[in-house]
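Biologist: I should be grateful for a close look at the salt bridges of this protein and at the helices around them. Please take the charged pairs in turn and then turn to the helix packing.

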Amino acid sequence: MVFSSLYFIFIFIPAVCIIYYVLKLFFPRKLAVRNVFLLLSSLFFYAWGEPVYIFLMLCSIAVNYLCALWFDKSRHSKPIFIFCVFFNLFFLLLFKYSSFFMRNINLVFHSDFTVPSFALPIGISFYTFQALSYVIDVYRKKTEPQKNILNLALYISLFPQLIAGPIVRYVDIQKEISSRNESLEKFISGLKKFMFGLASKVILANNLALAADKILNLPVSDISGIPCAVMWLSVISYALQIYFDFFGYSLMAAGLGEMFGFTFPRNFNNPYCASSITDFWRRWHITLSSWFRDYVYIPLGGNRVKPLRHVFNILVTWFLTGFWHGENWNFILWGVYYAFFLILEKYLFFRKPLESSFGKITYRVFTLAVILFGWLIFRIENFNQFGVILKKLFVNENNTLFINYVTEHADVSSKFLFLIPAILCSLPLNGILFSKKDKSKTVFLLDTLAAFVLFVLSVLLLVASTYNPFIYFRF
């Protein structure tokens, strides 16, 4: 069940909200009752798409609960902690990466081992990382273990962030699990976030996906007929598609959480306005990059080591970041690609020339170029196709005219028009359009009206179309 499905919008979430607040009305001081209902709703939500793998998630909850209690009290906690980390990673490696390892073993050693084919449990990368952050923080004494297994189960399975994040850490919401204040103001704020997120996904991401897929999914033999300008537009469309797809989902998740009194961490902060590559990763998928920073990069030594070791730490962290996204070499290459530019940025790029206005603008353009080519690596799994597309971005071999192409392919060219609102919406418009004095009155009214109009338009598009993918469900 996806957030942008009509079943979720008009049946599941209204039913959950009504029952939840009826329970609050009859049991105002018994948060545990509402927590149990949210837990049951979350398990139903997951079982809707994964009726078998729900038992895997329940097993993960039970093992992490018992291990955290055990190594919190035991004098010999390290072996238990290692077992718990291994347990979490084992199922992630088994379901997500076993076929990748076996394919490459067969390729390298010319063997003929059977390549396993497992259906990837939805959201396993996200809820595994959440479980790991919990046990690691308990082991480090940053938080106390949760004594109530139902509360821990709610943290790991809470449906707004279960399928595709954001990666919420236990320390961030542990107080809200046991004590939170739901209010009409929070509910309305969360509902508007959900509506804006839905519009980002349905209006922008889905239409940009149609433009990007039409070009980037072409076989190699057909790419030669694509004009250079159209290829650039398709790459930019994909960059904005993946942003509004995941940003929209994260905003919907944050809105749903707020409707039930939870505050999820921000996952995006206008990433395409980044002033550098380092700044981009402070703005893009913030919960994932901060997870790798705190649980991989810093334990390796971070930047408080000699330069050679620092380079090694960056390479390892970004190799794992790329590999986390999927079991194909293009994801690993994508991670190493960013490691390369981050190392260049930290050690070889001179800061003095970049301090001028011209230098800052130039470096922002350079950063955007690095990001665009990075998304091309991320998208294209076939390296031959990648090379042909890369060449097409700079060489118009058949001298195909842009105007002729867009005239003959109106279905594609019409979708490119969504680049205009997408680019505008990727900017921090709220800070540009409204002053601090206006934010209490004007913004509330305009936000509410805009949210309602965009929600109606999104629903109409969902009714009219069957094309409604979510990129990050595959991770």
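Modeller: A salt bridge is counted here where a side-chain nitrogen of Lys or Arg lies within 4 Å of a carboxyl oxygen of Asp or Glu. The model is a predicted one, and by this rule the count comes to ten salt bridges.

The side chains of Glu-182 and Arg-180 form one of them, with an N to O distance of 3.9 Å, which falls within the 4 Å limit. Both Glu-182 and Arg-180 are buried. The two residues also belong to a network of salt bridges that links Lys-24, Arg-34, Arg-180 and Glu-182.

Another pair is Arg-293 with Asp-294, whose side chains meet at 2.8 Å, N to O. The partners are classed separately by accessibility: Arg-293 counts as partly exposed because its relative accessibility is 41%, whereas Asp-294 has a relative accessible area of 17% and is therefore buried, the cut-off for burial being under 20%.

A further salt bridge joins Arg-103 to Glu-327, with the closest N and O atoms 3.1 Å apart. This pair connects distant parts of the chain, 224 residues apart: Arg-103 lies in helix 4, and Glu-327 in the loop between helix 14 and helix 15. Arg-103 has 34% relative accessibility and so counts as partly exposed. Glu-327, with a relative accessible area of 21%, is also partly exposed.

The loop that holds Glu-327 leads back to helix 14. Helix 14 comprises residues 307-325, and at 1.5 Å a residue its 19 residues should span 27 Å; the end C-alpha atoms are 28 Å apart, which agrees. Buried residues of helix 14 include His-310, Asn-313, Ile-314, Thr-317, Trp-318 and Thr-321, and the buried set continues with Gly-322, Phe-323, Trp-324 and His-325. The buried residues of this helix pack against helix 4 (77-109), helix 5 (124-139), helix 12 (277-283), helix 13 (286-297), helix 15 (329-347) and helix 16 (357-379). Helix 4, which carries Arg-103, is thus among the packing partners of helix 14.

A separate helix pair may be set beside this. The axes of helix 2 (residues 31-49) and helix 3 (residues 54-73) come within 9 Å and cross at roughly 140°, which means that helix 2 is oblique to helix 3. Leu-43, Tyr-46 and Ala-47 of helix 2 make the contact with Ile-54, Met-57 and Leu-58 of helix 3. The residues of this contact divide into six nonpolar, no polar and no charged.

Key
Residues are numbered from 1 along each chain as its sequence is written. This is a predicted model: local features need pLDDT of at least 70, side-chain atom pairs count only at pLDDT 80 or more; totals for chains, interfaces and linings use all residues. Side-chain values use heavy atoms; hydrogens and water are left out. Axes are lines fitted to C-alpha atoms, for helices over the stretch in contact, and angles run from 0 to 180 degrees between N-to-C directions. Helices (H or I, at least four residues) and strands (E, at least two) are DSSP runs, numbered from the N terminus. Angles under 35 degrees count as roughly parallel, over 145 as roughly antiparallel, 65 to 115 as roughly perpendicular and the rest as oblique. Contact means heavy atoms within 4.5 Å. Ala, Val, Leu, Ile, Met, Phe, Trp, Tyr, Cys and Pro count as nonpolar, Asp, Glu, Lys and Arg as charged, and the others, Gly among them, as polar. The expected span of a helix is 1.5 Å times one less than its number of residues. Buried means under 20% relative accessible area, exposed over 50%, partly exposed in between (1.4 Å probe, protein chains only).
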